[in-house]
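Open the model in your viewer and keep the sequence panel in sight. We will go from one selection to the next and say what you should find at each.

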Amino acid sequence: MKRPGQTIWDTRVQGVTGLLCAPTEYGPEVYASATFALISDSPPRVAVNPNRAYAISDAIERVGRFSINVMSYRQRAVVQRLVRMRRREPRKAALLGLEVAADEHDVPFIPAAQRTLFCQVEQRHENGDRFIYVARVLSARSNPERADERPLLFSELSETPGLGRTVRNAVAALGFADAARAVLQRLRPRKPQSIRDVTYAIAGATAEELHRIQQAGLTDFSRRLPTPKPPAEIDRSLNVCVVGTSWGFEHCRAVRAAHRGARLYVCGRDPARTARVAQAAKADGYFIGLEAALRDPRIEAVCLALPHDQHRSATEAALAAGKHVLVEKPIAVALEDADAMIAAAQRSGKTLMVAENMHFRPAVHTAVERINAGDIGEPLYLLVHAGGLLRPQGWKQDAKRMGGGVIMDIGVHYVRALRMVLGDPDQVFASRAMQVNARMEGEDSAQLVFSSGAGWQAHMLLSWASQRGMLPDLVVAGTAGTLATWPARRYIEYYPAAPSLGTRLAQRVRPYWLQAKLMRPQWQRQRLPITSRHRSAYVAQMHEFLSAVAQQRAPATTAGDARRDLEIVLKAYESLESGTPTVIASAKA
C-alpha cells in the first residue's frame, strides 16, 4: 500500500542504525543516528545530519572528522541504552561499557561495530535545526567477527521482544495492517500535511529555540562524585577501637556487622559508661582516655565519634601514633583544620577516611544509576527535605563546637548527595526562619538554594524545628521523569513523564470534573527495588574503611572529598550571614 509520508522519519523506517563518533576535549562523543547516506561512489562520500542540540554536531564542526559505526542487530540493547541516555551526558561510551579506539587519523571509532567508515568533512549545508555534513570516506574497517550478522535497522530500536512484536510482524506480513489503513483512509480521508510543519511540531526547533536549548551548554560538565564499587572481602582480622560512647555505639554495631572477624575495643572518658557500652557491644576490651588506646600496639585503626571541634586534635594524635583513622563527618569545623588533618595523613602514610554515610547510601546509588540510564532525562531540580523535630543537647548547643547548627550537622550529608546526583554547585543562597530552640546557639532551620551554570538547581530545607512527616528526603526532577527516595525504604519511586495507560485513558474522560476525580498520581508511579550487599549505609561505610585498611589502599571516598563538602557548607554560612548569594569556586583538580 502506498500512503503519503507524514514526517522525515517515514523515509528512514528501514534505515541502518549507526553510531557517530567524534573527538572532544573530554573524550569521544557518541551519537546514535539512522540519517546517513552514501551520495557518491567515486570518490566515496556520505552525508550525515546530526541534531545540533547534541554535542556531536559541535564536535564534528570543530574537528571536521568523525566515524560512522554500523551496529549489528545483536548490539541492539546497547544502542537502545544510548538512545535513552541524557542528551548532555559527557561519559556516554564509558557508562555503556563501549570500547572506543582511534585510527591513524586520530578519529575515534568503536572496534566492536560491524563496519566503520572514517570520514573527513568537505561541505556543510544549513538545514533548519540541523547541519548536513558532506564527508569524504578516508577509509573503511570491517569486523570479521560480525561478518555473518545483519545490521541493526532504525525501526528495530523501538521494538520490544515478545508476543506483541510477533503479532505485529504477522499482521504486517499478511497484509492486514495495510488493509486496515486503506479502509480507514476511505472512511476518513486524511488531508495532505506539510512534512516540514509536522516534523517541526514533533522534534524540530527554530534558530531562536535552538539558541535557548544551547544556553546551558551542550554537555553537562558538572563535577560529580562517582558511586563506590562494592569493596572486596576482608581477608584478615583487624583490631579496631571506637572512640566515643554516644554515637560511638552505632560505630560498634557497624564494625560487628561489617567484619565478624574484627576485634573490637571501646574508648571513653567515663569508666562506668565506657564499661557499659563495651559490654553492650560485646567488645573485646576497653580503654579510658584516647591516649591509652593510642599507646596500645594491638590497635590498628580507630573510629572517632567525637564532638566536631575535637576532630582535628584526635585525628592528628591517632595518625602520629601510626593508626588508621575513620573520623565522623564533618571532617572539621574549619578548612585549615581539614588541611592539617589531610597533611598529617600524608606524612604518616596511614588511611584517613571521613564517615560520610550518604556516599554509601543504596538509594542514592540507585538514583544515580537511573539518572545515568536516562530515566529522568536532563536533571533540573534536586529537592531535599531533611531533619525532623529535634532538641540538641550538650556540646551540640554550642555553635563554636558544632561549627554552626543544622546546616553543619545534616546539611553536610545532603551536600554530598547533591555532589553525587547533580555535581558541584557554582553558587548558594541561604536563608532561615525564626529560631525556635533558644537554647541552641546555631541555626535550628535553614533553606539553601544551590545553582549551577550547567542549568540545574538544588533546594534544601533543613529543619530541627518542624516535623518532616513521611515526605521523601530526596526528589530529583528531570525533563523525562522524577525520582523520590526515603531513608529507610528498600525501593525508590519513579514517575515517568510519559503517561501510563491508566493516565492516557483518564485523559480522554469528559466532562473534565469527572476526569479530575478519576485521575490518580499512583498510575504514574513505579517502585524500583534497591539491590545492595549492605542494607545500611553505616555498615557499607565501615566495610569500605576496614577493607581499605586491610588491603592498604585508598578508600572509595577521600578526605579531600569531605573537605570539599565542608567548603560548600561554609559558603552557605557566608550567604546566611550576608543575606546575598555566595559564589562557590571550582574545586581544585
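The tour below visits strands, single residues, a pocket and a cavity.

Before you click, note that this is a predicted model, in which local features need pLDDT of at least 70, side-chain atom pairs count only at pLDDT 80 or more, and totals for chains, interfaces and linings use all residues. Residues are numbered from 1 along each chain as its sequence is written, and side-chain values use heavy atoms, with hydrogens and water left out.

**Stop 1: strand β5**

Select residues 65–70, which form strand β5. Helices (H or I, at least four residues) and strands (E, at least two) are DSSP runs, numbered from the N terminus. In β5, 5 of the 6 residues are buried, where buried means under 20% relative accessible area, exposed over 50%, and partly exposed in between (1.4 Å probe, protein chains only).

Now add strand β1, residues 18–24, which pairs with β5 in the antiparallel sense over 4 bridges. Strands count as paired if DSSP finds at least two bridges between them. Look for G18, which stands opposite V70 of β5. Strand β8 (residues 115–127) is also antiparallel to β5, with 6 bridges; there, R65 has Q120 as its bridge partner.

**Stop 2: S33 and L38**

Is S33 buried or exposed? This residue of strand β2 counts as buried, at 7% relative accessibility. Its contacts (heavy atoms within 4.5 Å) include V16, T17, G18 and L20, leaving aside residues up to four places away in sequence.

Move on to L38 in strand β3 (residues 36–41). L38 is exposed, with a relative accessible area of 55%. With the same sequence limit of four places, L38 touches R45 and V46. Try a distance label between the C-alpha atoms of L38 and V121: they are separated by 14 Å, and the two residues are 83 apart along the chain.

**Stop 3: the second largest pocket**

Select Y31, N51, Y54, V83 and R130, the residues nearest the centre of the second largest pocket among the 38 that line it. On a 1 Å grid over the protein atoms alone, a pocket is an open set of points with protein on both sides within 12 Å along at least five of seven lines, a cavity is a set where a 1.4 Å probe fits but cannot get out, and lining residues have an atom within 4 Å of a point. The volume of this pocket is about 1000 Å³. Colour β2 (27–33), α2 (76–84), α6 (195–203) and α7 (207–214), since each supplies at least two lining residues.

**Stop 4: a parallel sheet**

Next comes an open sheet of 6 strands with parallel pairing, in the order β12-β11-β10-β13-β14-β15. β12 (285–288) and β15 (352–355) stand at its edges, each with a single partner strand, so one side of each has no neighbour in the sheet. Within the sheet, β10 (residues 239–243) and β13 (residues 301–304) run parallel and are joined by 4 bridges; C241 has V302 as its partner in β13.

**Stop 5: the cavity**

Finish with W247, E250, H251, A254, E328, Y538, Q541 and M542, which line the largest cavity. The space in this cavity is about 50 Å³. Helices α8 (248–258) and α18 (537–551) each give at least two residues to the lining.

Notes. Grid points are joined across faces, edges and corners, and a volume is the space filled by probe spheres set on the points.
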